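Reader: Hi! I'd like to talk through this model before I set anything up. Could you walk me through it?

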Amino acid sequence: MKKLKFLLLLACLSSIMGMRQLQDSLFKKPAHFPEPKYAFKGKRVDSLQVLLGRALFYDEALSIDFTTSCASCHSPFSAFTHNDHEVSHGIQDRFGKRNSPALFNLAWQPYYMWDGAINNLDVQALAPINHPDEMGESTEHVLKKIKHSWRYRSLFNKVYGDTLINSERMLKSISSFLVTLVSAESKYDRVMLKKDSFNLQEQNGYTLFKNNCNTCHTEPLFTSFNFENNGIGMLEKYRDLGRAAISGDPQDSLRFKVPSLRNLEFTYPYMHDGRMQKLYQVLDHYSGITLQKADGTKVSVQKFSPEEKVDLMAFLLALGDRTFLYATKNQFPKEFFFSQPME
Amino acid sequence: MRILFVFLFAFTLLQTKASDSLSIAFTASSGKPGTKIQRNQWIKTGAHDSLRISDFRFYISNVQLLHQGKIVLTDSLEGHLINPFQAEQSKLMLSKPRLPEFDEIKLGIGIDSLTSVDGPKSNDLDPIHGMYWTWQSGYINLRIEGQHSASTLSDNEFFFHLGAYAGPFNCYQTLSFKVNAQNQLAIEINLLDWFKEAEQIKVWKIMSPRREAAQLSKTFARAFRVIQP
């Protein structure tokens, strides 16, 4: 009997602990989304760790000359991409060769970057930190800088229970912030959850979308995450082969990861090399096109009339999530950078 | 008297622990037994060619001890960074309170796919060691740099950063050796044989996953030889 009581007590305690962990998790799966791919097991997404990750994300100290943070190319007000240039703008006014991707719903992605070069969100930050045209740093030196800051020493201690600052902890902290960037409060989402309804134009656009675009930009994430050649060809100035440079397979030449269409109105310019500034240019490109997908099947997009383009545009605008865009929880963490040392 | 007993007991325990560890020492060799290659030492590779190695590091992982074909011990560490040119990094240590009887060792050269997709790691697998590609996720399984008189690069330099954990260019290799159970083992890596293959391939800068990297990784695994006392 005593044993049974003990087991019951143990079960209650574990359940309370589990609930606390769940309540503290800043990651929430929207009801109409599939299960995320990110491996949450054994990882924390609690408020302190997310604050640490957010601080690192906004800190220019991650670049060699203290000028460029992750947020420099991934601003919250453009759904975590930037609108200034076709391609990313790094230290010393250097340009990369790709349009910085928007950051949201990353927990559902199987791999990262336009070519899928990064296999896990937890190692993603290594790429821009060490890229000579982006942040131009070395992971080792970034750690040295962070260790010099009492703010980071204090927060690492609070998060991890000791003062060890290493790359694993730094990277996992950044990704704990990144997984909380969930965008699921657009008009489309409200309609799907039966809290709103499309107007006639949006409804027509949605029908056109489902008939022509949904194969690659699959709902509700609006991407299949596959690597596809969308027929825009290669710009001579970049000579970017896309996925083929990673897989070594010539068949993958000019294939890039299909981007999500969510928040499209905020994430211009468009395409992997940012060559299109306006949404209508994108619609003009796809109107009447036939493309061969990576799996060998052909996809034909109908030729859109001017009225259909307007309807389609109305639907695409319904994918914008302003709540996500202006959420203070995703913005520059003043509470960290302006904090004062405790007496 | 009691203090003496406790002291003797602790001493016995320490002695037991010390004897229950396995050390595997790796050396770079030119093929002839006992001919150790030193860092930056010029070595003749044939009638006309010579080379010197400035950096030689590789990963050993998934170490298992077997007895009569059955696994009796699996290393808990996911990877060991080995540098035969640095005494403190040239050995792989397996320490257990009691080391089981074994007659075979299995190990991986490089880091396997499961570990490679599992996110950032610490200690020997920390990306700060220069053995991780930041632009494309994955470990560099084997890194050899130096100069070779046959190299067509400037200053006759060569750079071999061999890695890839999946796909047609997978560089991860596994090896197994029959051994007499003992606490110290030595493995010689015949780099001159390995360079014969590199000389034929004639690509002196390999720093991304590619066919030649996979080919040279296989040759590297064949260059390992256990030196039995």
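Author: Happy to; we can go through the chain contact, then the folds, then some backbone details. Keep in mind that this is a predicted model.

Reader: Good to know. How much area do chain A and chain B bury between them?

Author: About 1,500 Å² is buried between chain A and chain B, and 55% of that is on carbon and sulfur atoms. The contact draws on 20 residues from chain A and 17 residues from chain B.

Reader: Which three residues supply the most of what chain A buries?

Author: Those are A:Asn119, A:Leu126 and A:Glu168, which together supply 30% of the area that chain A buries against chain B.

Reader: And which helices of chain A are involved there?

Author: Four of them give at least two residues each to the side that touches chain B: H4 (126–130), H5 (139–148), H7 (167–178) and H10 (244–247). H7(A) gives the most, with four residues.

Reader: What's the mix by class on that side of chain A?

Author: Eight nonpolar, eight polar and four charged residues.

Reader: How many salt bridges are there between the two chains?

Author: The count between chain A and chain B is zero. For polar contacts, there are eight residue pairs between chain A and chain B, with both residues at pLDDT 80 or more.

Reader: Can you give me an example of a polar contact?

Author: Sure, take B:Ser122. Its side chain and that of A:Asn166 are joined by a polar contact of 3.1 Å. B:Ser122 also touches A:Glu168, one of the three residues I named for buried area.

Reader: Where does B:Ser122 lie in chain B?

Author: In the loop between helix H2 (113–116) and strand E8 (142–148) of chain B.

Reader: Back to charges. How many salt bridges does the whole structure have?

Author: Over all chains the search finds 28 salt bridges. One of them joins the side chains of A:Asp122 and A:Lys43, at 2.6 Å from N to O.

Reader: Why does that pair tie together separate parts of chain A?

Author: A:Lys43 lies in the loop between helix H1 (2–24) and helix H2 (47–57), while A:Asp122 is in the loop between helix H3 (70–73) and H4, so the pair links parts that are 79 residues apart in sequence.

Reader: Nice. What about the overall build of chain A?

Author: Its secondary structure comes to 14 helices and four strands. The C-alpha trace spans about 70 × 60 × 40 Å along its principal axes. The radius of gyration is 22 Å, which agrees with the value near 20 Å for a compact globule of 343 residues.

Reader: Any backbone oddities I should look at in chain A?

Author: A few. Most residues other than glycine have a negative phi, and most peptide bonds are trans. A:Leu254, in the loop between H10 and E2 of chain A, has a positive phi of about 65 degrees. A cis peptide bond joins A:Glu219 and A:Pro220, with omega about -5 degrees, and another joins A:Tyr268 and A:Pro269, with omega also about -5 degrees.

Reader: Where do those prolines lie?

Author: A:Pro220 is in the loop between helix H9 (200–212) and strand E1 (227–228), and A:Pro269 is in the loop between strand E2 (256–257) and helix H11 (279–286).

Reader: Last one: how do E3 and E4 of chain B run?

Author: Antiparallel, with four bridges joining E3 (residues 50–67) to E4 (residues 70–74). B:Gln64 stands opposite B:Thr74 in E4(B). The hairpin has two residues between the strands, and B:Gln68 takes a positive phi near 50 degrees there.

Terms used
Residues numbered from 1 in each chain as written. Chains lettered and ligands numbered in written order. Heavy atoms only, no water. Contact = heavy atoms within 4.5 Å. Buried area = accessible area lost by both parts, 1.4 Å probe. Salt bridge = Lys/Arg side-chain N within 4 Å of Asp/Glu carboxyl O. Polar contact = N/O pair within 3.5 Å; in protein donor to acceptor, adjacent residues only side chain to side chain. Nonpolar A, V, L, I, M, F, W, Y, C, P; charged D, E, K, R; others polar. Pairing = 2+ DSSP bridges. Rg over C-alpha atoms; globule rule 2.2 N^0.38 Å. Lists of a residue's contacts leave out its neighbours within four places in sequence.
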